[in-house]
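Please look at the sequence and the structure below side by side, and keep both in view while you read. The paragraphs that follow take one helix as a starting point and then turn to what surrounds it.

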Amino acid sequence: ARDPLRMLQLFHVAAKHGYDIHPRALQWLKRELPHAGADLRENPRACTMFLDMLMNPHGGACLKRMNDIGLLGR
């Protein structure tokens, strides 16, 4: 539950398959935001997932959701 990479993975999978993320999952992610920081930004897997989302047609919706809960800014 305290693994920030898993937070990003949720958005990555949603973008890859065109899924929406359940509001309860978004609430959970928002509560876990304090665990997302420099380690996540410097993680090569996280960088790859983020770039994949930028290139994905469904990535824009996921990036908006990430911004809405505050994960994008972290």
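What you see is a predicted model, and a good place to begin is helix α1, which runs over residues 4–17. With 14 residues at 1.5 Å a residue, α1 should span 20 Å, and because its end C-alpha atoms are in fact 21 Å apart, the expected and the computed lengths agree. At the N-terminal end of α1 there is a cap, provided by D3, whose side chain places an oxygen 3.1 Å from the backbone nitrogen of L5. Just after the helix comes G18, which takes a positive phi of about 75°.

Which residues of α1 are buried? They are P4, L5, M7, L8, F11, H12, A14 and A15, and among the elements that cover these buried residues are α2 (23–31), α3 (38–42), α4 (44–55) and α5 (59–69). Not every residue of the helix is hidden in this way: K16 also lies in α1, yet K16 counts as exposed because its relative accessible area is 57%, and exposed means over 50%. Between the C-alpha atoms of K16 and N67, which are 51 residues apart along the chain, there is a separation of 18 Å.

Now consider how α1 packs against other helices. Two packed helices are described by the angle between their axes and by the distance between those axes. For α1 and α2, the angle is about 150° and the axes are 11 Å apart, and because an angle over 145 degrees counts as roughly antiparallel, α1 and α2 are described in that way. The crossing in which α1 passes α2 is left-handed. In this pair, the residues that meet are M7, L10 and F11 from α1, and A25, L26 and L29 from α2.

One of these residues, A25, deserves a second look. A25 sits in helix α2 and is partly exposed, since its relative accessible area is 24%, which falls between the limits of 20% for buried and 50% for exposed. Along the chain A25 and L10 are 15 residues apart, while in space their C-alpha atoms are 9.2 Å apart.

The next partner is α4. Here the axes of α1 and α4 are 10 Å apart and the helices pack at an angle of about 25°, so the two helices are roughly parallel to each other, as angles under 35 degrees count as such. As α1 passes α4, the crossing is left-handed. On the side of α1 the contact is made by L5, L8, Q9, F11, H12 and A15, and on the side of α4 by R45, A46, M49, D52 and M53.

With α5, the axis of α1 comes within 8 Å and crosses at roughly 150°, which makes α1 roughly antiparallel to α5. This crossing is right-handed. The residues of α1 that take part are L8, F11, A14 and A15, and they meet G59, C62, R65, M66 and I69 of α5.

The parts of the chain outside the helices can be followed too. Is G18, which is found in the loop between α1 and α2, buried or exposed, or something in between? At 38% relative accessibility G18 counts as partly exposed. G18 and P57 are 39 residues apart in sequence, and 8.5 Å apart in space from C-alpha to C-alpha.

Another loop, the one between α4 and α5, holds N56. N56 counts as buried because its relative accessibility is 19%, and the cut-off for buried is under 20%. If its neighbours within four places in sequence are left aside, N56 is in contact with A15 and K16, and K16, as already noted, belongs to helix α1.

Finally, the segment after α5 contains R74, which is partly exposed, with a relative accessible area of 38%. Not counting residues up to four places away in sequence, R74 touches L33, P34, A36, G37 and R41. R74 and H17, by comparison, are 57 residues apart in sequence and 24 Å apart in space, C-alpha to C-alpha.

Key. Residues numbered from 1 in each chain as written. Predicted model: local features only at pLDDT ≥ 70, side-chain atom pairs only at ≥ 80, totals over all residues. Heavy atoms only, no water. Helix = DSSP H or I, 4+ residues; strand = E, 2+ residues; numbered from the N terminus. Expected span 1.5 Å × (residues − 1). Buried < 20%, exposed > 50% of the residue type's maximum accessible area, 1.4 Å probe, protein only. Contact = heavy atoms within 4.5 Å. Polar contact = N/O pair within 3.5 Å; in protein donor to acceptor, adjacent residues only side chain to side chain. Axes fitted to C-alpha atoms, helices over the stretch in contact; angles between N-to-C directions. Parallel < 35°, antiparallel > 145°, perpendicular 65-115°, else oblique. Left-handed = near helix turned anticlockwise from the far one by under 90°.
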